[in-house]
Amino acid sequence: MKAKAIIYGLLLSLTLGITVTSCTQNDGYIGPIFGKWQLIEMWEGETMTPHDNIYYNFQTDVILVQLVHREVNVTDAYYGNFVKEDNELRFSLVEPSQYQVVLPAELNLEPMGLDHVNVFHIEKLTSSQMILTRGENERFVFRKF
């Protein structure tokens, strides 16, 4: 009876160990883009707008864009999938099927939906800074958070 309990416990531990470690590789680490990035400057031509309430979060192939409303202590969250190839970052944010979501203009992103792809050129990507450009005159400067 005691041997059965020990064997059952070992099998359960082994199963749980395999399940937990097989969910993601390297805890979802995908290189220097992995983690949470805070937008600090948004440039349009020669005009710079400082920011401190927009965050991009990257893990595996999922992106989470957060807009923090500090005055009311609320955070809007928008999920999607991204692809980083060479010096290009592409992502779409997907709206929930229950209701239509309109992205705030402050985010300066394409509307929700798979047919709306945000495409950025990665000008700089280090362990502490990321600079994305779009077109001729848009620049987005992030710091690792």
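Okay, so start at Arg 90: what stands opposite Arg 90 in β7? It's Val 119. Keep in mind that we're looking at a predicted model here. That facing pair belongs to a bigger pattern, where β6 and strand β7, residues 118-125, are joined by 4 bridges and run antiparallel.

Now follow β7 over to its other partner. Strand β8 covers residues 129-134, and it pairs with β7 over 4 bridges, again in the antiparallel sense. If you want a spot to click on, try Ile 122, whose bridge partner in β8 is Leu 132. And how many residues sit between β7 and β8 in their hairpin? There are 3.

Right, let's move on to the rings. The count for this model comes to 7 aromatic pairs. Take Tyr 56 and Phe 91, which form an edge-to-face pair, with 5.8 Å from centre to centre and 85° between the planes. What I like about this pair is where the partners come from. Tyr 56 is in strand β3, residues 54-59, while Phe 91 is in strand β6, residues 88-93, so the pair links distant parts of the chain, 35 residues apart.

Are those two rings buried or exposed? Tyr 56 is buried, because its relative accessible area is 2%, and the cut-off for buried is under 20%. Phe 91 is buried too, with a relative accessible area of 1%.

Here's another pair for you: Phe 58 and Phe 82. They're also edge-to-face, at 5.0 Å centre to centre, and their planes are 80° apart. Once more, distant parts of the chain get linked: Phe 58 belongs to β3 and Phe 82 to strand β5, residues 74-85, with the two residues 24 apart. Phe 58 has 3% relative accessibility, so it counts as buried. Phe 82 has 6%, so it counts as buried as well.

So which residues make up the aromatic cluster? Go ahead and highlight them on your screen: Tyr 56, Phe 58, Phe 82, Phe 91, Phe 120, Phe 140 and Phe 142 form one cluster. You've already met four names on that list, including Tyr 56 and Phe 91, the edge-to-face pair between β3 and β6.

One last stop, and this one has a charge in it. Find Tyr 55, and then look for Lys 36. The charged end of Lys 36 sits over the ring of Tyr 55, and the distance to the ring centre is 5.1 Å.

That's my tour, thanks!

Note on methods: Residues numbered from 1 in each chain as written. Predicted model: local features only at pLDDT ≥ 70, side-chain atom pairs only at ≥ 80, totals over all residues. Heavy atoms only, no water. Phe/Tyr/Trp six-rings, centres within 6.5 Å; stacked < 30°, edge-to-face > 60°. Buried < 20%, exposed > 50% of the residue type's maximum accessible area, 1.4 Å probe, protein only. Lys NZ or Arg CZ within 6 Å of the ring centre and 35° of its normal. Pairing = 2+ DSSP bridges.
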